[in-house]
Amino acid sequence: MADEKETIKNVRDKYRLFLHEDQAAAAGTIQWRHGDPPSYESVNKLFEQGRTKVWPEGSLEETVQNAIKSWEMELSHKTRIKDFRTINPEKFKLFVNGRDGLSAEETLKVGSYNALLKSSMPDEFKYYKADEETFESSHNAFRSAFPRGFAWEVINVYTGPPVVTYKFRHWGFFEGPFKGHAPTGQMVQFYGLGILKVDESLRAEDVEVYYDPTELFGELLKGPTISESNVEHH
């Protein structure tokens, strides 16, 4: 998960490395999921309005923040690992809340939301069943819930490369339906910790993410259930 809500429009992005370099240097050779490079204009506006930290240009915090935004961009919008520039594809593993690691290809197949929201709880207790979602259905569900996007920021960086330890915040406004629940219009946010191991080229090798998913779903499930009884018939 990271910054959702993109439109397919070429607007220069100051937070995501390689996006425009890829456009200029490899036009036509990179396979984009929706045919063209994305624009994050909407969620960048949400980010700039709602962030709690403005990191100095060139600082470690800004570098880490932009690197992770860039990785999320590639994961969400490129369809071939060979086109990724933010990871070491041979070594990459994603670990979420202590679960078994996913390889680069596995992460790309299921998508960032399903990778981050997979749960080992029994089905009857799951509020989100990642195993039943596709890449597309998971992204559509959160784009629906957060029409202005789901912004992401670095709150603190505790250690620098080659093992980067950081705290992050994720937030958006619940202004569209989510899985049968009506929107509340309220801000939804949660915090987490990450450990990012990088190689000498600052490409990600291991990514560990720790957070409490109930902070997210507790807010999304507050919305009243949408049913036929809620629909006016004319």
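Me: What makes up the largest share of the lining of the largest pocket?

Reply: Helix α3 does, with six residues. The model is a predicted one. In it, α3, β4 (163–173), β5 (187–198) and β6 each supply at least two residues of this lining. The space in the largest pocket is about 340 Å³. Its lining has 20 residues, and Thr63, Ala67, Leu196, Val198 and Leu202 are the closest to the centre.

Me: How do you know which classes of residue are in the lining of the largest pocket?

Reply: The lining divides into 15 nonpolar, three polar and two charged residues. Of those closest to the centre, Ala67, Leu196, Val198 and Leu202 count as nonpolar because Ala, Val and Leu are on the nonpolar list. Thr63 counts as polar, because Thr is on neither the nonpolar nor the charged list.

Me: What makes up the lining of the second largest pocket, by class?

Reply: Its residues divide into six nonpolar, one polar and six charged. The second largest pocket holds about 220 Å³ of space. It is lined by 13 residues, and Leu102, Val110, Asn114, Ala115 and Lys118 lie nearest its centre. Strand β1 and helices α4 and α5 each give two or more residues to this lining. Lys118 is counted as charged because Lys belongs to that class.

Me: Why is aspartate 131 called exposed?

Reply: Its relative accessible area is 56%. Exposed requires a value over 50%, so aspartate 131 meets the cut-off. This residue lies in the loop between α5 (112–117) and α6 (135–145).

Me: What makes the link between the side chains of aspartate 131 and lysine 118 a polar contact?

Reply: The contact joining these two side chains has a length of 2.7 Å. The limit for such a pair of N or O atoms is 3.5 Å, so the distance falls within it. Aspartate 131 is also 8.8 Å from valine 110, C-alpha to C-alpha, although the two are 21 residues apart in sequence. Both lysine 118 and valine 110 are among the residues nearest the centre of the second largest pocket.

Me: How do you know which side chains of strand β1 are buried?

Reply: Leu94 and Val96 point to one face and are buried, whereas Lys93 and Phe95 point to the other face and are not. Buried means under 20% relative accessible area, so Leu94 and Val96 fall under that limit and Lys93 and Phe95 do not. Side chains in a regular strand alternate between the two faces of the sheet.

Me: Why do β1 and strand β2 (residues 102–103) count as paired?

Reply: Two bridges join these antiparallel strands. Pairing needs at least two bridges, so β1 and β2 meet the requirement. Lysine 93 stands opposite serine 103 in β2. The two strands form a hairpin with five residues between them, and asparagine 97 in the turn has a positive phi of about 50°.

Me: In which sense does β1 pair with strand β6 (residues 204–211)?

Reply: The sense is parallel, over four bridges. Phenylalanine 95 is the residue opposite glutamate 208 in β6. Strand β6 is also joined to β5 by seven bridges, and there the strands run antiparallel. Leucine 193 stands opposite tyrosine 210 in that pair. The hairpin of β5 and β6 has five residues between the strands, and leucine 202 takes a positive phi near 65°.

Me: How do you know that β4 and β5 pair?

Reply: Eleven bridges join β4 and β5 in the antiparallel sense. At least two are needed, so β4 and β5 qualify as a pair. Threonine 165 stands opposite isoleucine 195 in β5. Isoleucine 195 belongs to the uncovered face of β5, while Leu196 and Val198 are among the residues of the covered one.

Me: What makes up the lining of the second largest cavity?

Reply: The lining consists of Trp71, Leu75, Ile81, Phe84, Ile87, Phe92, Ala104 and Thr107. Helices α3 (60–77) and α4 (104–110) each give two or more residues to it. By class, the lining has seven nonpolar residues, one polar and no charged. Thr107 is the polar one, because Thr is not on the nonpolar or charged list.

Notes
Residues are numbered from 1 along each chain as its sequence is written. This is a predicted model: local features need pLDDT of at least 70, side-chain atom pairs count only at pLDDT 80 or more; totals for chains, interfaces and linings use all residues. Side-chain values use heavy atoms; hydrogens and water are left out. Buried means under 20% relative accessible area, exposed over 50%, partly exposed in between (1.4 Å probe, protein chains only). On a 1 Å grid over the protein atoms alone, a cavity is a set of points where a 1.4 Å probe fits but cannot get out, and a pocket is an open set with protein on both sides within 12 Å along at least five of seven lines; lining residues have an atom within 4 Å of a point. A polar contact is a pair of N or O atoms within 3.5 Å; within protein, one must be able to donate a hydrogen and the other to accept it, and residues adjacent in sequence count only if both atoms are side-chain atoms. Grid points are joined across faces, edges and corners, and a volume is the space filled by probe spheres set on the points.
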